[in-house]
Each structure stands twice: as C-alpha cells, then as structure tokens.
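Please read the following note beside the sequence and the model, checking each point against the picture as you go. It is written for someone who is new to reading structures.

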Amino acid sequence: MNFNISNEHKMLRELYEAFTINEVEPLAKEVDEDERFPIETVEKMKSLGFFGIPFPKEYGGQGGDNLAYAMAVEELSKACGTTGVIISAHTSLCAAPIYEFGNEAQKQKYLIPLAKGDKIGAFGLTEPNAGTDAAGQQTKAVLNGDHYILNGSKIFITNAGYADVYIIMAMTDIEKGLKGISAFIVDGDAEGFTIGKKEEKMGIRGSATSELIFENVKVPAENLIGKEGQGFKIAMKTLDGGRIGIASQALGLAQGALDETIKYVKERKQFGRAISKFQNTQFQLADMSTKIEASRLLVYSAAKAKDDKLNYSTHAAMAKLFASETAMEVTTKAVQLHGGYGYTREYPVERMMRDAKITEIYEGTSEVQKMVIAGKLLK
Amino acid sequence: MKIIVCIKQVPDTTEVRLDPKTGTLIREGVPSIINPDDKCGLEAAITLKEQFDAHVTVITMGPLQAEKALREALAMGADDAILLTDRAFAGADTWATSSTLASAIRNLEYDLIITGRQAIDGDTAQVGPQIAEHLNLQQVSYVEALEKEEDTLILKRMFEDGFHRIQVKMPCLITTLSEMNTPRYMSVAGIYEAFQKEIKHWTLEDLDVNRAFIGLKGSPTKVKKSFTKGVKTAGKLFEITTPNEGATIIIDKLKEKFII
Amino acid sequence: MSNEHRHVLVFVEQREGILQRVSLELLGKARKLADYRNQEVIAVLLGDQVQSMVSELYHYGADQVILTDDPALKVYMTEPYTKVVSEVIQHYKPEICMFGATAIGRDLAPRVAARIQTGLTADCTSLEIDEDNQNLLMTRPAFGGNIMATIICPDHYPQMSTVRPGVMQLMEKDNSREGQLIEFKSDLSDMSEDFKILEIVKTIKEKKNIEDANILISAGRGIGSQENLKILEELADSLGGVVSASRAIVDQGWIDRNFQVGQTGKTVRPDLYIACGISGAIQHLAGMEESELIIAINKDPKAPIFDVADIGIVGDLKKVLPELTKQLNLEITTKAI
C-alpha cells in the first residue's frame with residue numbers, strides 16, 4: 001500500500017496551486033458578493049484542460065485519473081468553493097455518466113466537447129417533490145416515434161443556464177416505479193427548455209443554481225443513455241462519482257480555512273503576544289489539521305479505488321460524509337479563531353463557512369451517505 | 001527551426017527567510033522553481049514553436065533534482081530535455097558553467113539559443129554572453145520583445161533609458177527579461193506527457209570539453225566567504241523635534257540600504 | 001599576485017556623447033585601489049568623436065586614458081566593443097578591471113572575460129585589497145540580495161568585476177589634474193553585418209502598478225485630506241516610487257481601489273515601504289509586513305505600525321515629507337554631473 005503521491009500528481013498539484021493563487025483567489029470575494037458566475041476563469045480552466053481531467057485523450061480529455069481530478073477540485077476550492085463545484089458538477093455529473101454509460105455515438109457527439117471544455121455540463125435529478133426521496137420523479141418522457149417528449153421541472157441544478165449539456169432523469173414508465181426512470185442527454189438550446197428561477201443561496205453564491213423547466217421538449221431517441229428503466233441506477237452510480245468531487249470541494253474549503261487561520265493567528269496580537277502562542281489556539285489548530293488529513297486520506301483512497309475499477313461506492317460515501325462534516329467544523333472554528341474580524345466579509349473565512357454548509361446537503365445529504373454506508377454494512 | 005533554451009533550477013529567493021535568532025538563511029521548505037528570466041525565454045521559444053513549427057530543446061546543468069525543472073519545461077511544451085549532470089561539473093562559476101553548457105550545445109543543432117538574463121540566486125547575468133563567446137555567436141542581451149523574419153530576428157534590446165531595435169541573423173544567442181511575457185501554465189495533459197518522455201542525462205564522458213575549464217577546479221573565481229546581512233534588529237523609534245531631523249534620519253537609512 | 005599584470009583599468013561608459021556617472025564612481029574607487037597598490041588608474045574610452053571627455057577623466061582620477069575613437073564605436077554594439085576592450089586588456093595587462101554593472105557593462109564584461117579567459121564577478125558593492133596576498137576582494141549581493149558573498153580571482157588576470165552604479169564614491173574633482181593620452185587603434189573594418197541596429201528609442205517611464213513597484217509611499221487616514229496626496233506624489237517622484245494607500249483612503253474615494261494595500265487590497269513586498277499616517281491595523285499589516293525596509297511616520301507614538309517599522313518617526317507627515325523630498329532632490333542634483 002503506497003500512500004505516496006506520484007511525481008505526476010505532485011506536479012499537477014503545483015499547477016493547480018499556481019492557477020488558484022493567480023487566477024481564482026483574486027476573484028473569490030467578488031464572485032461571492034456579486035453572485036457572479038466566473039466565466040473568465042472558466043475560459044482559462046478550459047485552456048489548461050481542467051474540464052476533462054479524468055477522460056482519455058481519444059475523447060478530448062487529458063488522459064488523467066480520478067485522483068488528479070479530485071486534487072484539482074480540492075485546490076480550486078481552497079480559494080473558491082464556487083469555482084470548485086463548477087468543475088465537479090461538470091465532470092462527475094455530466095461528462096462521467098456519458099463516458100461510463102453512453103454509447104459510442106453519444107461519446108463522440110457530447111463527451112468530446114464536454115471533456116475539451118467547449119461545452120459545460122449539468123445534471124438534473126432533484127425535483128420540488130423529489131430530493132432525498134429521489135425515486136419520486138415526476139418529470140415525464142413519452143416516446144413519440146424517433147424522439148421523446150419531455151415535460152416537468154428540476155430544481156437546485158448546478159451550472160444551470162451556463163451548461164450546454166444536461167443529463168436529465170425522467171419517468172418513462174410510471175407503473176414500474178424506480179425501474180421506470182430513464183436517463184437522457186438534453187441539449188441546453190432545445191426548444192421548450194427554459195431556465196427558471198435562480199436561487200438566492202447562503203453560500204457558493206457564484207455557482208449558478210436554478211430551476212429547469214421542460215415544456216414539450218423534444219429529446220432525440222438516440223439521446224437515451226442505456227436502456228429505458230436504467231435511469232435510476234445510472235443516477236445513483238453517477239452520484240457515487242459526484243461524491244468524490246464534493247468531498248474534494250469540502251476538503252479544499254477546510255484546508256483553505258485552516259491556512260488562512262494559521263496566517264491570522266501569527267499576526268494577531270492580544271495580551272502582548274500573538275494568539276498563536278496560546279494553547280487553546282494551538283489545540284484547536286491541531287484538531288482541525290488532523291481531521292483534514294483524515295478527510296484527505298478518505299477522499300484520495302476513494303478516488304484511487306475508482307481508478308483501480310474497484311467498488312468504491314461506500315468509500316465515496318464515507319469520504320463525502322466525513323469531509324463535509326469536517327469542512328463545516330473547521331470553517332466554523334476558523335471564524336471563531338479570527339474573532340470579530342472573522343465575522344466580517346473582509347476576511348475570507350466567513351465565506352468559507354457559508355460555502356461549506358452545502359457540502360453536507362447536496363449530492364446526497366449526510367443522512368443519505370449514512371444510509372448508503374449502513375446499507376452496505378447490514379447487507 | 002531549432003531552438004535551445006538553457007534553464008536553471010533555483011530556490012525561490014523571494015521565499016527565503018533569515019532565521020531571526022541566528023541571522024542565517026533558512027533553506028528548507030523553499031520551493032525550487034525554474035529561474036523566472038529563463039521561464040520567459042522558454043515561453044518565447046514555445047511561442048515560436050507554435051508560430052513556426054520550431055523544435056524546442058531545454059538543457060540545464062545541475063544535480064539530479066534539476067530534472068524537475070526540465071519536466072516542468074516539457075509540460076509547458078518543450079520537445080525534449082537534457083540534464084548535464086556530473087560531480088565534475090559541481091562548484092562551477094560562470095566561466096566553468098558556460099564552458100560546460102557550450103560544449104553540450106556543440107553536440108546539437110540550433111538556430112537560436114535562449115538564456116534568461118540572470119538567475120535569482122547567482123544574479124550575475126554572465127552565463128549567456130559567455131556561452132555566446134565560447135560558440136563565437138552574435139549575442140543580444142536584455143531582450144524584451146522578439147519577432148522572427150525568415151532567418152533573422154528583430155529584437156527589442158532594453159537599456160536603462162530606452163531601447164534599441166536590433167536585427168540579428170541566426171544562429172545567435174539572446175538573453176531574455178521577465179518583462180518579456182507571462183509564461184504559460186503547464187497543462188494537465190502536458191504534465192502526463194512530460195513524464196512519458198525520457199530526459200537525457202549527459203555526463204563529462206558525453207562532452208568534448210577541456211577538463212581544466214569545468215567545475216570548481218576550472219573556476220577562475222572562488223567564494224572566499226559568504227555572510228548574511230545580520231539579524232533583523234528591532235525597529236528604532238525617533239521622536240523628532242524638527243522635520244529636518246526626521247528627513248535626515250530617513251535619508252541616512254536609505255543610503256545605508258543602497259536605496260539612494 | 002601576477003608579475004606581469006599591473007594597474008587598474010576602468011571601462012568608461014558613454015552614451016550619445018554623455019559620460020555616465022558610474023564611470024566616475026569607478027574612477028574614484030580605482031584611484032583608491034591603485035594608490036594602495038602604488039599603481040596607476042587607466043581609463044578606457046570608446047566612441048566616435050569623444051575626445052572632449054578625456055580631460056574630465058583626468059579630473060576624476062585617471063592617470064592615463066586609452067582612447068579608441070572610431071565611427072564603428074558610435075553606438076554600443078557587442079562585437080566591436082568586445083574586440084577593442086579585449087585587445088586593450090591583452091596589450092596593457094592590467095591587474096584589475098572594472099566595468100559599471102549597467103545594461104552595457106553586463107553585456108560587454110562577460111564577453112570580454114570569456115575571451116581573455118579570466119574570472120568576472122558581477123554587481124560588486126565593495127572592492128578591497130586583501131592585506132595578506134594583495135588579491136582583490138570583490139563583495140556582492142547574491143541569493144536575491146539575501147546574502148553577501150566575497151569573491152576572489154586568485155590565479156587569473158586581470159581580476160575583473162562589474163560594479164553596481166550609485167555605490168562607489170567619486171573622487172573630489174581636481175581640475176588641475178592631468179594625464180597621459182594613448183590613442184589605441186583597432187581594426188574594426190571587418191565587423192559582421194549579421195547584427196544591425198535598426199532604431200534607437202528613448203522611453204519615458206510608465207506608471208507601475210503597486211505590486212511591481214520597488215518603492216511605495218503609502219497614504220493612511222493621517223494624511224488628512226485628498227489634496228495632501230500631492231505631498232506623497234512628490235516624494236514618490238523623487239524616489240522613483242509609486243503612491244499606494246490603506247483601505248481608509250480608498251473608502252473615502254481619495255484614490256482608486258487598485259492602489260489599496262491590505263487584506264482586501266493587494267499584498268506588496270517592495271524594497272521600501274513608507275507608511276504615512278497609517279495606524280497599522282491588522283488588515284493593513286497583512287498586506288505589507290513582508291516589505292524589505294519599512295519606514296513609518298505617524299503622530300501617535302503608540303500606533304501599531306511602529307511594531308513592524310524598521311524606522312519610526314513620530315512627527316507630522318505634512319512637515320516631514322516635504323522636507324524629505326527637498327533633501328532628496330538636493331542629493332539628486334549634486335549627483336548629476
């Protein structure tokens with residue numbers, strides 16, 4: 001068992017770090033304050049291959065692995081949770097299911113531009129009445145000759161409006177319940193497909209989170225992924241991969257908050273000395289750092305398990321569960337250690353705390369992760 | 001078109017700190033980077049590659065760890081890389097370094113040799129011009145901008161108060177300034193490809209060089225001693241009575257620090 | 001020590017017929033070194049129609065001037081200058097050679113040193129003779145200026161160095177001093193056509209942004225009013241620096257956000273940071289405490305800025321800064337030739 005990171009990955013981390021410091025960090029506050037999707041960063045990330053890290057070159061990707069992808073999301077999220085989730089949602093939730101479950105024609109038509117970053121991806125499962133209870137899908141897809149007619153809506157969709165390709169779950173056979181759900185590739189400019197209300201969020205405020213509305217949208221039959229009825233399984237497996245992405249985002253947020261706090265406590269003087277000299281501060285930092293390191297190992301080994309084509313579902317759930325709870329704890333402590341200054345928007349830690357909260361909720365709440373883990377244990 | 005870029009792996013001297021207690025340099029934890037002036041030269045070479053389908057070879061003289069700098073250069077877009085590494089090369093001053101690099105370059109074909117103006121650790125700006133002398137090539141230093149026209153280069157050569165626009169025929173050598181461009185990032189695929197490539201290692205055996213001109217023994221200049229500027233002392237506070245007094249205190253300090 | 005090599009040679013830099021100040025600084029230093037060694041100072045002057053400069057060189061310490069006056073040397077080019085200087089050195093065999101560490105000197109000296117196969121030490125800030133063995137001790141900054149190194153060139157001659165401008169002292173000008181002129185001819189008929197100067201352009205310095213500036217004069221609430229920024233601008237002009245500001249000033253609308261230093265502004269690491277009327281709140285310190293030299297001026301002796309300042313002046317910046325600017329301008333005019 002080798003816990004050492006390869007030279008390639010070390011160099012990749014240097015790339016991600018340099019990019020984050022120079023291109024992402026300077027915009028992070030503004031992106032949050034203005035709730036602005038950082039389109040200029042997207043262009044730069046595209047040119048460096050960030051949108052296709054774990055996909056093979058033949059499909060427009062960078063020929064990297066899931067560890068390399070997880071590290072990218074981690075490093076970006078150290079400065080900006082919004083930027084991290086753009087990559088994560090695109091890669092794990094849209095490009096990955098096409099790569100893993102799509103046919104050759106679909107890969108040629110959609111995976112290649114997605115991996116190149118020419119198109120951005122999104123994923124639509126959640127509905128107003130189907131959150132944790134994802135099986136309660138009401139969006140319908142009815143076959144009509146050479147296409148399906150799609151009707152319904154999705155909410156809380158990341159990258160909505162900026163994406164060009166959407167993976168949408170819809171009911172094709174209501175009698176069959178879970179087994180009546182199918183997965184479709186829907187073009188962003190399809191007629192009848194509109195973007196609805198944009199959510200006003202607590203955190204990752206630059207991330208575009210909106211409602212998707214489908215009114216008699218024609219989806220070509222060749223855009224069905226796999227067979228009818230396989231949609232739920234595809235969605236669940238897709239979310240397994242997405243959990244690695246979100247766990248990486250949480251990891252990055254926590255590490256970023258810790259780094260900021262270490263800087264601050266060395267500078268801040270009270271009672272005649274830097275507050276880093278007080279044992280309370282030191283003990284808090286030790287706890288934070290240990291939990292982050294544990295998160296990191298869970299995230300990286302889940303990514304590695306996926307790369308080794310092992311069953312990684314439980315692993316990914318553990319990583320997401322632990323990393324997101326760690327992120328919430330660490331960012332909250334970070335604000336506390338900054339004192340009053342940490343509560344102001346002058347310092348980045350309050351943003352990191354607001355960003356961290358969503359990692360315990362989306363792509364399967366912490367409770368769902370526990371269901372997955374327990375389910376495996378008690379099989 | 002064939003371009004050779006000479007790079008140096010250096011500690012990031014902007015990150016170097018003095019130990020506040022002993023006044024000595026803290027070298028651990030200081031990242032190793034490609035010397036900034038060299039990186040801009042490399043960027044210029046890769047741009048020429050994109051425009052004119054040039055072949056870019058990077059070369060460096062250093063210990064084994066200098067391979068990392070060459071990998072980074074490959075990941076940015078260089079085609080191949082050579083590491084000159086041998087105990088015999090160690091301890092070299094600029095004469096010995098330039099002699100070693102020049103003899104390696106004689107094994108290669110080139111139209112253009114690019115070096116950075118100076119390294120942020122040695123700060124001499126001598127190796128580039130000395131390589132040009134060994135190879136009997138035209139040199140243009142302090143280059144801030146470059147264009148290629150057939151077999152000539154049109155260069156912007158900076159001086160303190162202006163610049164010369166120079167036309168020089170290849171083969172030739174130029175030294176580049178950091179002001180010249182903003183070097184590109186490595187790409188993800190570039191990093192994977194860089195590790196697929198073999199970095200050639202050349203030792204003394206591979207070079208046709210006068211052994212009296214290399215390494216510590218071949219260096220006409222020697223370091224007699226090195227020292228830090230001392231522990232950073234606590235600041236001094238002056239309660240002045242006249243503005244003149246304040247101005248004088250400040251000017252004295254500026255002179256002491258060579259700022260004026 | 002060499003039996004063959006004697007005397008101190010100084011390369012005199014002139015551009016467009018104007019003698020560069022660094023050359024006079026070098027003559028001053030050469031004078032001291034030569035006197036110590038009981039030797040002479042030889043100045044080497046290249047150019048086209050530059051004879052009128054020769055007497056000035058005697059006045060500032062040269063005993064001899066070797067002059068090569070040739071149209072091919074009108075504007076600095078590497079090849080002809082290297083040829084002439086190398087020939088002069090090979091003929092006259094000086095023990096020590098000095099060049100200014102300028103855009104010309106740092107192009108010329110390494111080429112000459114390589115041609116003559118001797119050692120060259122760059123950007124020296126101090127030159128002394130070792131009492132024991134008479135070697136030239138050449139001290140210079142290295143490692144990005146974090147350390148100083150003393151270099152020797154014990155077995156090769158001449159011992160060559162480029163010297164940082166603005167460091168060495170001029171000799172007191174002596175108009176009565178005379179010297180010997182040697183006209184040195186070099187065959188410059190065969191210079192390569194491969195190198196051509198197409199255009200010579202003089203540029204005006206552009207405004208730098210604060211992250212690139214070496215010197216920052218920073219304004220805090222204590223400057224009192226927007227008009228008082230002028231005082232800082234004038235000081236910045238004298239020092240070749242840029243005016244930056246704390247958040248308080250930016251929030252007042254007195255200066256653009258691009259010049260803000262601090263937690264929500266930019267992080268800067270200039271060689272010199274002069275904090276004017278800045279109290280030193282933690283958000284500001286975060287952006288500038290890595291500066292090489294910090295000077296603070298504030299009325300309040302308890303201001304936290306003084307904790308990070310190398311030099312703290314408790315006083316009225318509205319009076320101290322103009323006085324400082326005045327004295328600096330005086331320094332500059334006395335420095336000009």
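The points below go from confidence, through the sheet and helices, to the contacts between chains.

1. This is a predicted model, in which local features need pLDDT of at least 70, side-chain atom pairs count only at pLDDT 80 or more, and totals for chains, interfaces and linings use all residues. Residues are numbered from 1 along each chain as its sequence is written, while chains are lettered from A and ligands numbered from 1 in the order in which they are written.

2. The model scores ipTM 0.91 and pTM 0.91. For chain C the mean pLDDT (the predictor's confidence in each residue, from 0 to 100) is 93, and 98% of the residues of this chain reach 70 or more. Where pLDDT is low, the predicted coordinates should not be read in detail.

3. Chain C holds an open sheet of seven strands with parallel pairing, in the order β7-β11-β6-β1-β4-β5-β12; strands (E, at least two residues) and helices (H or I, at least four) are DSSP runs numbered from the N terminus, and two strands pair if DSSP finds at least two bridges between them. The edge strands, each pairing on one side only, are β7 (120–124) and β12 (180–183) of chain C. Ignoring direction, neighbouring strands of this sheet are turned by 20 degrees against each other on average.

4. At one edge, β7(C) pairs with strand β11 (residues 159–163) of chain C in the parallel sense over three bridges, and C:Thr121 has C:Ser161 in β11(C) as its bridge partner. Helix α4(C) packs on the sheet, touching β1, β6, β7 and β11 of chain C, and its direction makes about 170 degrees with that of β11(C).

5. How do α3 and α4 of chain C cross? The axes of helix α3 (residues 78–92) and helix α4 (residues 105–116) of chain C come within 9 Å and cross at roughly 50 degrees, where axes are lines fitted to C-alpha atoms, for helices over the stretch in contact, and angles run from 0 to 180 degrees between N-to-C directions. That angle makes α3(C) oblique to α4(C), since angles under 35 degrees count as roughly parallel, over 145 as roughly antiparallel, 65 to 115 as roughly perpendicular and the rest as oblique.

6. In chain A, helix α3 (residues 66–79) and helix α4 (residues 81–101) pack at an angle of about 155 degrees, with their axes 7 Å apart, which makes α3(A) roughly antiparallel to α4(A). Among the residues that make this contact (C-beta atoms, placed from the backbone, within 7 Å) are A:Tyr69 and A:Leu76 of α3(A) and A:Ile87 of α4(A).

7. The contact between chains B and C takes 65 residues from chain B and 64 residues from chain C. On the side of chain B that touches chain C there are 28 nonpolar, 21 polar and 16 charged residues, where Ala, Val, Leu, Ile, Met, Phe, Trp, Tyr, Cys and Pro count as nonpolar, Asp, Glu, Lys and Arg as charged, and the others, Gly among them, as polar.

8. Strands also meet across these two chains, for seven bridges join β11(B) to strand β13 (residues 195–202) of chain C, and the two run antiparallel. Here B:Arg165 stands opposite C:Glu199 in β13(C).

Notes:
Two residues are in contact if their C-beta atoms, placed from the backbone, lie within 7 Å.
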